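Dear colleague,

I am passing on the structure we spoke about, and below it you will find my notes on what came out of the analysis. Please read them with the model open beside you.

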Amino acid sequence: MDMTEIVVIVAGVAAIAFVLWYFFGERERTAASVTESGVQEIKVTVKGGYSPDVIVVKAGTPVRLDFYRDETASCSEQVVFGDFGIARALPAFKTTPIEFTPDKTGEFTFTCGMNMMRGKLIVESA
Ligand SMILES: [Cu+2]
């Protein structure tokens, strides 16, 4: 094997690893921070996806998710938390707070109105 072949193989393996990580890797978990008023607050940027897309909160404490929609793509114009009966329109370039108190623990998916963009809300016991 000459150097060129080795470089091509290494680059190929790196590209495959990246694709696997991108689609299947464990996303970074972002824990909400608790404000003075006792609300678990987290900012979520909406742009071709949710960032962060894994949010960890505690059950029984009010949650406020500030969704900032940084795009006009129609895909993201609504966010749905089906397990909590919440569906909310997200105006472009504005922050839309979504407030609720999770009363159950577990992992809950939130999506855009078309069920394409996805994020995960992990509710842990207090
Ligand atoms: Cu969509």
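Of the 126 residues in the chain, 33% are buried, and I should say at once that this is a predicted model. The accessible surface of the chain comes to about 7600 Å², with carbon and sulfur atoms contributing 58% of that area.

As for the fold, the chain has one helix and eleven strands, and the helix precedes the strands when the elements are read from the N terminus. The radius of gyration is 18 Å, well over the 14 Å that the globule rule gives for 126 residues, so the chain is more spread out than a compact globule. Along its principal axes, the C-alpha trace spans about 65 × 35 × 25 Å. Among contacts with a separation of 6 or more, 52% are between residues 24 or more positions apart.

The copper ion may interest you most. Its protein donors are Cys75, through both O and SG, together with Cys112 (SG) and Met114 (SD), at 2.1 to 2.8 Å from the ion. The angles among these four donor atoms run from 86 to 134 degrees, and the site is tetrahedral. Along the chain, the donors follow the spacing C-x36-C-x1-M. Because Cys75 sits in the loop between β6 (63-69) and β7 (78-81) while Cys112 belongs to strand β10 (residues 106-112), the pair ties together parts that are 37 residues apart in sequence. Both cysteines are buried, Cys75 with a relative accessible area of 18% and Cys112 at 1% relative accessibility.

With best wishes

Key: Residues numbered from 1 in each chain as written. Predicted model: local features only at pLDDT ≥ 70, side-chain atom pairs only at ≥ 80, totals over all residues. Heavy atoms only, no water. Donors = N, O, S within 2.8 Å, 3.2 Å for Na, K, Ca; no water. Tetrahedral: all angles 85-135°; square planar, octahedral: opposite > 155°, others 65-115°. Helix = DSSP H or I, 4+ residues; strand = E, 2+ residues; numbered from the N terminus. Buried < 20%, exposed > 50% of the residue type's maximum accessible area, 1.4 Å probe, protein only. Rg over C-alpha atoms; globule rule 2.2 N^0.38 Å. Contact = heavy atoms within 4.5 Å. Areas by Shrake-Rupley, 256 points an atom, 1.4 Å probe, with all protein chains shown as cover.
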